[in-house]
Amino acid sequence: MFDILQYGFIQNAFIAGTCVAIVAAIMGYFLIVRGLTFAGHALPNIGFAGAAGAVLLGIDPVIGLLAFTISAAVAIGILGKAIRERDIAVGIIMTFALGLGILFLSLYSGYAERVYSILFGQIVGISQENVLFTTLFSFLTLSVLLTLFRPLLFSSFDPEVAEARGVPVKLLGIVFLILVAITVSIAVQIVGALLFFTLLIGPAATTLRIVQRPLWAILLAIILGICYTWLGIFFAANGSWPVSFYIATISFGVYLPIRLLSPLWIGRNTRKRLPLRQDTFLPPGQVIEREENISSKATGHIPGSSL
């Protein structure tokens, strides 16, 4: 059963999958707390349309992926400020892009294999060069996220206060979405749109039901994402079903019981804080926000800000 680990293509899949899982877990956390889950789902689909257009023009599909996803990220960041407005903007942009994608494919006379592979990926067949590229790109992405971490976290939980303190909230949101778009354009070529969205949302959504502190939630999301990826690759290599199915199934199988049982410990923690806090019944994200505001008033330090 474990003999498959000696094959180079399996080792490449584990390395590339680990890199993608780490980056996706961190980005997924911020997408959820910023109310951008729908955007995380839309960008891979929009990228599919861009790749179809690039194939029709006879250029590299990566160029179309980057052009469409980055343009969509900027449009989402500009058009939608409130969550409801943002979801409407995402839905309109995604449906328009998918319509263009269908048109591009209908006009293309050949078989767009690279375009269709974007939906499902080819993680088990990834080459050594792609592994190296994915590793380097993941390192660069993590470096940028680390640089933006504090102001991004601050603006995610309390954008009004962050803006009042001088944090460029709207610009920071657009930059983050562009970073997500670039990551999507690179990752979907390897793991596919379905698998990337699973790693983007599944681990982070689960951890937010378990822990409240951002750093612990991100760390646990990374661990879950890596575990999902490794188990999915392992089961796929020993079976006949695709990697995406296994990872999506494991992710759902872990999330469902935690989602159903989480009110038990969330309610218990809430009752413990009742004599001390007036914010007992706030959601976890708002409790963290309230704690940061109280801390800033007591110490004069601005949470999530480099000022």
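This tour goes from the whole chain to one helix pair and then to single residues.

**Whole chain**

Start with everything shown. The model is predicted. Colour by secondary structure: the chain has eleven helices and zero strands. Trace the chain from the N terminus, and each element in turn is an α helix.

Now switch on the surface. The accessible surface comes to about 15,400 Å². Carbon and sulfur atoms hold 69% of that area. Underneath, 48% of the 307 residues count as buried.

Next, think about contacts along the sequence. Take the contacts between residues at least 6 apart; 75% of them join residues at least 24 apart. Several stops below show pairs of this kind.

**Helices α2 and α8**

Select residues 37-57 for α2 and residues 169-207 for α8. Two packed helices are described by the angle between their axes and the distance between the axes. Here the angle is about 85 degrees, and the axes are 8 Å apart. Angles of 65 to 115 degrees count as roughly perpendicular, so α2 and α8 are roughly perpendicular to each other.

Show side chains where the two helices meet. On the α2 side, pick T37, G40, H41, L43 and P44. On the α8 side, pick L177, V180, A181, V184, V188, A193, F197, L200 and I201. Which classes of residue make up this contact of α2 with α8? Eleven are nonpolar, three are polar and none is charged.

**Along α8: T198 and A204**

Stay on α8 and select T198. Its relative accessible area is 10%, so T198 is buried. Look past the neighbours within four places in sequence. There T198 is in contact with P203, I247, A248 and S251.

Move along the helix to A204, also in α8. Is A204 buried or exposed? Its relative accessibility is 0%, so A204 counts as buried. Draw a C-alpha distance from A204 to A25: the viewer should give 6.0 Å. Those two residues are 179 apart in sequence. Now list the contacts of A204 beyond four places in sequence. They are A25, G28, Y29, I32 and A221.

**Back to α2: N45**

Return to α2 and select N45. N45 is a buried residue, with a relative accessible area of 17%. The cut-off for buried is under 20%. Leaving out neighbours within four places in sequence, N45 is in contact with M94 and L98.

**Across to α3: A72**

Select residues 61-79, helix α3, and pick A72 inside it. A72 is buried at 4% relative accessible area. Which residues does A72 contact, apart from neighbours within four places in sequence? They are L43, I46 and I93. You met L43 earlier, as one of the α2 residues that meet α8. Add a C-alpha distance from A72 to A42: it should read 9.1 Å. Along the chain, A72 and A42 are 30 residues apart.

**Last stop: the cysteines C19 and C227**

Finish by selecting C19 and C227. C19 counts as buried, at 14% relative accessibility. C227 is partly exposed, with a relative accessible area of 36%. How many disulfides does the structure hold? The count is zero.

Methods: Residues are numbered from 1 along each chain as its sequence is written. This is a predicted model: local features need pLDDT of at least 70, side-chain atom pairs count only at pLDDT 80 or more; totals for chains, interfaces and linings use all residues. Side-chain values use heavy atoms; hydrogens and water are left out. Axes are lines fitted to C-alpha atoms, for helices over the stretch in contact, and angles run from 0 to 180 degrees between N-to-C directions. Helices (H or I, at least four residues) and strands (E, at least two) are DSSP runs, numbered from the N terminus. Angles under 35 degrees count as roughly parallel, over 145 as roughly antiparallel, 65 to 115 as roughly perpendicular and the rest as oblique. Contact means heavy atoms within 4.5 Å. Ala, Val, Leu, Ile, Met, Phe, Trp, Tyr, Cys and Pro count as nonpolar, Asp, Glu, Lys and Arg as charged, and the others, Gly among them, as polar. Buried means under 20% relative accessible area, exposed over 50%, partly exposed in between (1.4 Å probe, protein chains only). A disulfide is a pair of cysteine sulfur atoms within 2.5 Å. Accessible areas come from the Shrake-Rupley method with a 1.4 Å probe; for residues, only the protein chains shown count as cover.
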